[in-house]
Amino acid sequence: MKDPRLFKCQECGAILEYTPELKVTACDALKGKLKELKVNTEENVALEKHIPKVEVNGNKVTVTVGDVIHPMIDSHYIQFVYLLTDKRLHKYYFNPGEHPSHTFALEKDEKPLAAYEYCNLHGFWKKEI
Ligand SMILES: [Fe+2]
């Protein structure tokens, strides 16, 4: 499996999720407006609230954002987490007000590789497992 990629429209702020399984060609309306969000590159960000914390317990992998729990208010929250494994890309969406943690159940021989999170204000973050 390859890393997921995110692109942000510089005009409207919409996020385009791009997974290696999909072939996306930007239409004329989007050309020049999409900027790729590189992981772990935002500056002046509290890392302890954005780097995902990963706990592996048998075939269960819990991804929590982060070591210090990230705010989950309407204007600032974790929108989703990914768990990349050697077999697939798992994903979980959050709503404001929820606890930013999710447990993924993996197949018996599935190996976790990395966890990601997207904060609507502070971007895209990754933790290798
Ligand atoms: Fe944030």
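This is a short dialogue on reading a predicted model.

Trainee: Where do I start? How many helices and strands does the protein chain have?

Mentor: Start with the secondary structure. This predicted model has zero helices and 10 strands. From the N terminus on, the elements run β-β-β-β-β-β-β-β-β-β.

Trainee: What percentage of the residues counts as buried?

Mentor: Of the 129 residues, 34% count as buried. The chain exposes about 7600 Å². Carbon and sulfur atoms supply 49% of that area. Now look at contacts between residues at least 6 apart in sequence: 54% of them join residues at least 24 apart.

Trainee: Next, the iron ion. Which residues are its protein donors?

Mentor: Read a metal site by listing donor atoms, then their places in the chain. Four histidines and a cysteine are listed here: His50 (NE2), His70 (NE2), His76 (NE2), His122 (ND1) and Cys119 (SG). They lie 2.1 to 2.4 Å from the iron ion.

Trainee: What spacing do the donors follow along the chain?

Mentor: The spacing is H-x19-H-x5-H-x42-C-x2-H. Take His70 and Cys119 as an example. His70 is in the loop between strand S5 (60–65) and S6, while Cys119 is in strand S9. The pair therefore ties together parts that are 49 residues apart in sequence.

Trainee: Are these two buried or exposed?

Mentor: His70 is buried, with a relative accessible area of 2%. Cys119 is buried too, at 0%.

Trainee: Now aromatic pairs. How is a pair of aromatic rings described?

Mentor: By two values: the distance of the centres and the angle of the planes. A search of the whole structure finds seven aromatic pairs. One of them is Phe80 with Tyr93, at 5.9 Å centre to centre and 65° between the planes. That pair is edge-to-face.

Trainee: Where do Phe80 and Tyr93 sit in the chain?

Mentor: Phe80 is in strand S6 (residues 78–85), and Tyr93 is in strand S7 (residues 89–93). They are 13 residues apart, and the pair links distant parts of the chain. Phe80 is buried, with a relative accessible area of 3%.

Trainee: Why is the pair of Tyr82 and Tyr116 edge-to-face?

Mentor: The ring centres are 6.1 Å apart and the planes stand at 80°, so the pair is edge-to-face. The cut-off behind that call is an angle over 60 degrees. Tyr82 lies in strand S6 and Tyr116 in strand S9 (residues 112–119), so this pair ties together parts that are 34 residues apart in sequence. Both tyrosines are buried.

Trainee: Which residues do ring pairs link into a cluster?

Mentor: The cluster holds Phe80, Tyr82, Tyr93, Tyr116, Tyr118 and Phe124. Look also at the face of Phe80. Lys91 lies over it, at 4.7 Å from the ring centre.

Trainee: One last residue, Glu110. Where is Glu110 found, and is it buried or exposed?

Mentor: Glu110 is in the loop between strand S8 (101–105) and S9. It is buried, with a relative accessible area of 7%. For a buried charged side chain, check its polar partners.

Trainee: What does the side chain of Glu110 join or lie close to?

Mentor: A polar contact of 2.7 Å joins the side chains of Glu110 and Thr85. A polar atom of the Glu110 side chain also lies 2.8 Å from the backbone nitrogen of Glu107. Leaving aside residues up to four places away in sequence, Glu110 touches Thr85, Asp86, Lys87, Arg88 and His90.

How values were computed: Residues are numbered from 1 along each chain as its sequence is written. This is a predicted model: local features need pLDDT of at least 70, side-chain atom pairs count only at pLDDT 80 or more; totals for chains, interfaces and linings use all residues. Side-chain values use heavy atoms; hydrogens and water are left out. Rings of Phe, Tyr and Trp (its six-membered ring) pair if their centres lie within 6.5 Å; planes under 30 degrees apart count as stacked, over 60 as edge-to-face and the rest as tilted. Helices (H or I, at least four residues) and strands (E, at least two) are DSSP runs, numbered from the N terminus. Buried means under 20% relative accessible area, exposed over 50%, partly exposed in between (1.4 Å probe, protein chains only). A charge sits over a ring if NZ of Lys or CZ of Arg is within 6 Å of the ring centre and within 35 degrees of the ring normal. Contact means heavy atoms within 4.5 Å. Accessible areas come from the Shrake-Rupley method with a 1.4 Å probe; for residues, only the protein chains shown count as cover. A polar contact is a pair of N or O atoms within 3.5 Å; within protein, one must be able to donate a hydrogen and the other to accept it, and residues adjacent in sequence count only if both atoms are side-chain atoms. Donors are N, O and S atoms within 2.8 Å of the metal (3.2 Å for Na, K and Ca); water is not among the atoms, so sites may look incomplete.
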